[in-house]
Amino acid sequence: MAKQKTSFNCSNCSYTSIKWIGCCPECNEWNSFVEQEPVHSSFGVGASTKLSSAQPARLFSLDQIKIEQQVRMLSGINEWDRVLGGGVLPGSFLILTGDPGIGKSTLLLQVANAIAQNYSVMYVSSEESLEQVKGRAIRLGVDSKKLFFSDEACLETVLATAMTAKPALLILDSIQNCHLSLQSHALPGTVAQLREAAFHLMRFAKEQGVAVLITGHITKEGEMAGPKVLEHMVDAVFYLQAEDRWQTRILRSVKNRFGTINEIGFFEMQEDGLVEVHNINQRFLDEASYTPGSSLVCCLEGSRPLLLELQALVVETRYGVAQRVVTGLDPKQVILIAAILEKYLHIRFSAHDIFFKVSGGFRIKDSSVDLGIALALLSSYCQHALPAKSVCLGELSLTGRVKAVNQLGVCIKEAEKFGMQHVFMAEQQQVKTMCSVQPFKNVYELLRLFPQNS
């Protein structure tokens with residue numbers, strides 16, 4: 001029998017080649033190929049014997065499967081518990097990611113200390129020494145006796161320790177810096193290592209009923225580093241993001257099998273760690289200008305309504321092609337609304353430069369702000385401010401109709417809470433409110449707010 005040749009695998013993306021290559025053609029990483037010994041497939045000679053010796057798994061009907069009521073581990077940090085869907089569920093596998101230095105370790109240490117008031121928590125730092133962790137813990141005021149630390153980086157040792165200690169929550173910071181002794185060829189942070197480490201952690205969480213919370217790095221594009229299979233294996237993915245104007249951190253859930261996706265929580269970075277921001281809408285409204293080109297909208301992020309200010313600047317173009325500069329929204333959405341207004345109201349937005357932004361540095365992906373965009377553009381063009389303390393809730397169709405939006409009652413309730421007096425909405429939508437309601441059937445009726453230009 002001819003001897004099977006060895007292969008070369010990229011340690012970064014697992015690309016396979018029959019010979020060594022300096023640069024990987026798949027991920028463009030240099031000097032990443034490692035020689036691999038030939039692997040004999042189990043489906044070769046004797047495969048039928050191995051399959052026949054395997055024991056069949058036991059099957060269960062739905063009435064045979066017992067469900068035990070699991071109590072979530074509440075931290076008492078309301079913004080954290082909200083985003084997670086009501087606390088950490090035992091046996092769940094979670095990942096937190098974000099930019100370097102944004103505060104992931106700080107937040108996890110605060111959460112670990114809070115949960116350790118009632119549960120046993122094991123905190124493993126593979127990136128920092130115990131002296132560094134203790135320095136941060138002293139600054140944050142960590143004092144729980146049920147919180148235990150380790151700086152072990154070998155995943156097998158970490159899992160063996162957790163099997164013995166049996167904590168309710170295992171925190172691993174971070175998965176990229178752990179290594180597997182059984183995979184000496186897979187360097188920490190590579191695709192092969194991340195896939196294998198995540199599999200072991202997932203099986204440990206499900207079989208032992210221990211909640212596992214890990215941190216992960218992100219790429220320069222702002223996405224979670226590692227194979228996409230890592231996001232599929234975990235039960236929930238959370239991003240910690242920074243807001244540019246303040247020292248505000250936004251915790252956002254992009255995947256959650258046990259709660260609402262796109263749920264957000266607000267924190268503010270201070271000397272003693274991350275502090276919850278409960279009245280974020282009040283902070284936004286305090287900076288609302290109520291000047292020409294400004295409009296207030298209410299959009300839902302998960303189950304949380306946010307009152308945000310839209311700002312538009314419409315000026316006659318001085319160039320051959322009109323400029324479109326949009327921040328915080330999809331530029332195509334603003335261009336589309338401007339085209340609808342130009343078609344039906346005969347206002348030549350195509351001959352004007354449009355500068356548009358969402359105040360507060362947020363990014364909105366919601367069609368319910370269409371009416372707010374239209375009124376902000378008209379307000380800037382006419383140089384006429386909208387009524388103070390007014391909120392816009394409506395979607396625009398290509399035919400110029402103002403359409404209803406979902407969950408209007410939640411937005412109205414939030415608007416009333418902060419003293420809004422006027423609501424601009426679709427005519428066919430009915431809601432009980434103490435605010436003054438101004439219904440609109442189509443874009444022609446929007447000119448009622450600008451009498452000098454109607």
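Helices here are DSSP runs of H or I with at least four residues, strands are runs of E with at least two, and both are numbered from the N terminus. This is a predicted model, where local features need pLDDT of at least 70, side-chain atom pairs count only at pLDDT 80 or more, and totals for chains, interfaces and linings use all residues. Residues are numbered from 1 along each chain as its sequence is written, and side-chain values use heavy atoms, leaving out hydrogens and water.

**View A. What comes right after helix 11: Gly419.** Gly419 follows helix 11 and has a positive phi, near 80°.

**View B. The two faces of helix 11.** Helix 11 spans residues 408–417, and Leu408, Cys411, Ile412, Glu414 and Ala415 are buried there (under 20% relative accessible area; exposed is over 50%, partly exposed in between, with a 1.4 Å probe and protein chains only). Looking down the axis of helix 11, the buried residues sit within an arc of 160°, so they line one face; the arc is taken from the directions from the helix axis to the C-beta atoms. Lys413 and Lys417 are exposed on the face turned away from that buried side.

**View C. A little open sheet.** Three strands run in the order 2-1-3, paired antiparallel (pairing takes at least two DSSP bridges between two strands). Strand 2 (16–17) and strand 3 (33–36) are the edges, each pairing on one side only. Strand 1 (residues 7–10) meets strand 3 over four antiparallel bridges, and Cys10 stands opposite Phe33 of strand 3.

**View D. Ile67 out in a loop.** Ile67 lies in the loop between helix 1 (47–53) and helix 2 (78–83). Its relative accessibility is 79%, so Ile67 counts as exposed.
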